[in-house]
Amino acid sequence: MTITSRRGLRAAMALTATAALALTGCTTNTEGPQDSGEPRDEVSLETDEKIAALVPAEIRDKGVIVIGTNPPYAPNEFKNESGEIVGFDIDVMTAAAQLMGLRAEFRESDFEKIIPAIEGGTMDMGASSFTVNDERLQTVDFVTYFEAGIQWAAAAGNDIDPDDACGLNVAVQRTTVSDQEDVPARSEACVAAGKPAIEKVQFDSQDEASTAVALGKVDAMSADSPISAYAVKQSEGKMQLVGDVFDSAPYGWPVRKDSELAAALEAAADKLIETGDFETIAQNWGLEAGLIDDAEIRKG
């Protein structure tokens, strides 16, 4: 089973998502280092003129880079208590924009609409936990900057084996790898073995899926490894990780095909890695495990 894509209608519950979050007090994506009082090393950078010279003229002249993102997907992109979009992806992209001499303008969007907006020219790029895959490379180029896999989570004390989940209810966020590839493939394997299928329970947002697990409304959830780990951390003991991280693949920033912006982003990411600023940002969010040695432009 090969997993090659991240996030990519709403199941009924006895409680609404808002009430569920209030009951758990733990899985909402409105918490993070800047809200919890945890120490956080700020990264603020000056323009690197060599990197700035690589930015396409139409973006450089505006002084603003328009970036599509899809919260909530904590800790990568979500809203804090003030309604601001924050997270690991936001901090990394803000730092990269500073090196390019630009102001990062994040535009909230449905996940599946970000790449079409890039193709259409209404957004310059995306920063929203996109895993690079062959299908997406047919329409956009990517600059890799991080690596993540898939990991399951369940309620505390519920020792589920993702490799033996036949007949269970498993929560996913719509259009994610978990929704489109992981859970369906596992369910098909169950049926082929003469066992009950997995019942996939879809949610429009990851915080709803996490809440369903914490409340025992589903048996488990499947999500990107940083997201599952963060949900467990925020659950204050109500959830646990189950199984190992599997099928790791790179996250990338999507840009228009053959855009000169890719070279600027690659240079910015490589400098963040070289100076250690990337590691500082990752440490702020507890995501050091996904660091890579160098960025890379990927084309289809």
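This section describes the fold, core packing, strand pairing and aromatic contacts of a predicted model.

The protein contains 12 helices and 11 strands. Of its 300 residues, 54% count as buried. The accessible surface comes to about 12,500 Å². Carbon and sulfur atoms account for 45% of that surface.

In soluble globular proteins, nonpolar side chains tend to be buried together. Here the largest nonpolar core has 45 residues. Within this core, the most contacts are made by Ile65, Phe88, Met93, Met100, Met125, Trp253 and Leu265. Both helices and strands contribute. At least two core residues each come from strands β1 (64-69), β6 (140-155) and β10 (239-256). The same holds for helices α5 (88-99), α10 (225-234), α11 (261-275) and α12 (277-284). A second, separate core comprises 14 residues. Its members include Ile150, Ile160, Val170 and Ile198.

Met100 illustrates the packing in the largest core. Leaving aside residues up to four places away in sequence, Met100 touches Thr47, Ile51, Ala52 and Val55, among others. Its contacts also include Ile65 and Met93. Further along the sequence, Met100 meets Leu261, Ala264, Leu265 and Ala268.

Strand β6 is mostly covered, with 15 of its 16 residues buried. Three strands pair with β6, as follows. β10 runs antiparallel to β6 and is joined to it by 13 bridges. β9 (residues 220-224) pairs with β6 in the antiparallel sense over five bridges. β11 (residues 296-298) is also antiparallel to β6, through three bridges. Individual positions show the register. Thr144 stands opposite Gly252 in β10. Thr144 also stands opposite Glu296 in β11. Gln151 stands opposite Ala223 in β9.

Helix α12 is largely enclosed by the rest of the structure, because six of its eight residues are buried. The buried positions are Asp277, Phe278, Thr280, Ile281, Ala282 and Asn284. Just after α12, Gly286 adopts a positive phi of about 70°.

Aromatic contacts form a further layer of description. Nine aromatic pairs are found across the whole structure. In one of them, the ring centres of Phe78 and Trp285 lie 5.8 Å apart. Their planes stand at 90°, so the pair is edge-to-face. Phe78 belongs to strand β2 (residues 78-79), whereas Trp285 sits in the loop between α12 and β11. The pair therefore ties together parts that are 207 residues apart in sequence. Both partners are shielded. Phe78 is buried at a relative accessible area of 0%. Trp285 counts as buried at 4% relative accessibility.

Phe111 and Phe130 form another pair, with ring centres 4.5 Å apart. Their planes meet at 25°, so this pair is stacked. Phe111 lies in helix α6 (residues 111-120). Phe130 lies in the loop between β5 (125-126) and α7 (134-137). The two residues are 19 residues apart, and the pair links distant parts of the chain. Phe111 is buried, with a relative accessible area of 5%. Phe130 also counts as buried, at 1% relative accessibility.

One aromatic cluster is formed by Phe88, Tyr145, Phe146, Tyr251, Trp253 and Phe278. Two of these names recur from the core: Phe88 and Trp253 are among the residues with the most contacts inside it. Phe278 recurs from helix α12, where it is buried.

Technical notes:
Residues are numbered from 1 along each chain as its sequence is written. This is a predicted model: local features need pLDDT of at least 70, side-chain atom pairs count only at pLDDT 80 or more; totals for chains, interfaces and linings use all residues. Side-chain values use heavy atoms; hydrogens and water are left out. A nonpolar core is a set of buried Ala, Val, Leu, Ile, Met, Phe, Trp, Tyr and Cys residues joined through side-chain atoms within 4.5 Å. Buried means under 20% relative accessible area, exposed over 50%, partly exposed in between (1.4 Å probe, protein chains only). Helices (H or I, at least four residues) and strands (E, at least two) are DSSP runs, numbered from the N terminus. Contact means heavy atoms within 4.5 Å. Two strands pair if DSSP finds at least two bridges between them. Accessible areas come from the Shrake-Rupley method with a 1.4 Å probe; for residues, only the protein chains shown count as cover. Rings of Phe, Tyr and Trp (its six-membered ring) pair if their centres lie within 6.5 Å; planes under 30 degrees apart count as stacked, over 60 as edge-to-face and the rest as tilted.
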